[in-house]
Amino acid sequence: MRRALTAAAALATLAFANAAFAANTGSIAVWHTPMVLAGSQSTTIHVTVPQSTDPIAATNIYVPNGYGVNVGQPAGTSIGTVDATAFSRDNSLTLPLSGTVVTDNPANFTAQSTLCAHTPTSQAVWILNLSVAGNTLQVPLYVNPTTGPEQALGAYKLSICLPPPDVPVGTPGRAPQGAQLLDALITVNGVFTTPTAGALLKWDTLFTPYNPGMGTPNAAGTFEARALVPLPIILNLQVSYKKKTRTYTLTGRVSEGGLPASGLTVAISRGASATTLKRAGSVKTGANGAFKLTGKLKPKKTTFFQASASTLETDYTAKGCQGPATAFAPAGCVNATLSRWSAKSGTVRVKS
């Protein structure tokens, strides 16, 4: 699925980069640990916006229908971590920011929630504590079920609003140090439960930029990015052994979201026990996601094997942005990303 898009990437760039919104872009990727159905312990949301894009006023991330969302944690609960990068216009420095994600009482944020999430009583508020050099910036994230036409985008919406960094110094409400957010990696634990049915799940995200240098949102410039999450990731492994030739044969298959993962490197680990495995080689999957590896074993020994594989975020714009853009994004769909994942098979053993 990923490799088939390589040749189409250049064409996709031309197809979607028209003059109306060529200057502004951004991306989102989402993955779970583990990448299973009806479960997962943690969820990571990765948002990236190039420095050349107009500063973003509001980001709204839509959780697909079918997910369970746990918003019942009491205020003050640490539910995850955040790592971010921002560019300080005041100092011309790129700042690394990191900290915890902590729940807060929505009643403390009625005014802010009204402006950002368009409701005074958000169902949940998460505080992203972004710290650098002993200084902490607290950024609220508002969690709410969708209503009306937005329900077509997902069951829940995560909303973040940021102050303008490019207005003159001293302007009320200006971002501290003129900081423009470029990248954010948010991981939350025990919040999202994946759907029960497998598919390529779409997390829609709407980015509303500021009018440059004015500090006012440019609603007409709102653009869309999509994260495509393949669920489940299945990596299985079997082994057979011919005692006469002392030859083992490992076979398996990898699929992502029900589709074969072709051209993927699968690492093979082996050891004398299931807890002492070390990488011993690798093999590529075929067009149907299957792989096969053979080797020799010494007699009268027990050997354990395990397979593992992983992918990085992959540009999926050529296919992921097909279809009409949502009416909420006048500037259209500018990016789609096939999310990263990692998986391991169960261990298998051979007695030679």
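**Exercise 1. Strand partners of β12**

Which residue is the bridge partner of L200 in β13? Place β12 among its neighbours.

*Solution.* The partner of L200 in β13 is P230. This is a predicted model, in which local features need pLDDT of at least 70, side-chain atom pairs count only at pLDDT 80 or more, and totals for chains, interfaces and linings use all residues. Residues are numbered from 1 along each chain as its sequence is written, and side-chain values use heavy atoms, with hydrogens and water left out.

Step 1. Fix the terms. Strands (E, at least two residues) and helices (H or I, at least four) are DSSP runs, numbered from the N terminus. Two strands pair if DSSP finds at least two bridges between them.

Step 2. Take the β13 side. β12 and β13 pair over nine bridges, in the antiparallel sense.

Step 3. Take the β3 side. Strand β3 covers residues 56-63, runs antiparallel to β12 and is joined to it by five bridges. In this pairing A58 stands opposite T208 of β12.

Step 4. Check the cover. Buried means under 20% relative accessible area, exposed over 50%, and partly exposed in between (1.4 Å probe, protein chains only). Strand β12 spans residues 199-209, and eight of its 11 residues are buried. The strand is mostly covered.

**Exercise 2. Follow the pairing to β9**

Trace the strands paired with β9, and state how enclosed β9 is.

*Solution.* Step 1. Start from β3. Six bridges join β3 to β9, and the two run antiparallel. T59 has I160 of β9 as its bridge partner.

Step 2. Go on to β8. β8 and β9 also run antiparallel, with four bridges between them. V143 stands opposite L158 in β9.

Step 3. Judge the burial. Five of the six residues of β9 are buried, so the strand is largely enclosed by the rest of the structure.

**Exercise 3. The two sides of helix α2**

Which residues of α2 are buried, and which are exposed?

*Solution.* Step 1. List the buried set. In helix α2 (residues 110-117), S113, C116 and A117 are buried. These residues cover an arc of only 80° around the axis, which puts them on the same side of α2. The arc is that of the directions from the helix axis to the C-beta atoms.

Step 2. Recall the geometry. An α-helix has 3.6 residues a turn, so residues three or four places apart point the same way.

Step 3. Turn to the other side. There, A111 and L115 are exposed.

Step 4. Find what the buried residues meet. They pack against β8 (135-145) and β9 (156-161). Contact means heavy atoms within 4.5 Å.

Step 5. Look past the end. H118 follows α2, and its phi is positive, near 65°.

**Exercise 4. H46 and G190**

Compare the settings of H46 and G190.

*Solution.* Step 1. Locate H46. H46 is in strand β2 (residues 42-48). Its relative accessibility is 14%, so H46 counts as buried.

Step 2. Find its polar contacts. A polar contact is a pair of N or O atoms within 3.5 Å; within protein, one must be able to donate a hydrogen and the other to accept it, and residues adjacent in sequence count only if both atoms are side-chain atoms. The H46 side chain makes such a contact with the side chain of E313, at 2.6 Å. Another joins the side chains of H46 and T48, at 3.3 Å.

Step 3. Widen the view. Leaving aside neighbours within four places in sequence, the contacts of H46 include W31, D183 and L185.

Step 4. Locate G190. G190 sits in the loop between β10 (179-189) and β11 (192-193). With a relative accessible area of 44%, G190 is partly exposed.

Step 5. List the partners of G190. Leaving aside neighbours within four places in sequence, G190 is in contact with Q41, N70 and Q73. The C-alpha atoms of G190 and S40 are separated by 7.9 Å, while the residues are 150 apart along the chain.

**Exercise 5. The whole chain**

Describe the fold in totals.

*Solution.* Step 1. Count the elements. The chain has three helices and 24 strands.

Step 2. Give the extent. The C-alpha trace spans about 80 × 45 × 45 Å along its principal axes.

Step 3. Give the burial. Of the 352 residues in the chain, 49% are buried.

Step 4. Weigh the long-range contacts. Among contacts with a separation of 6 or more, 68% are between residues 24 or more positions apart.
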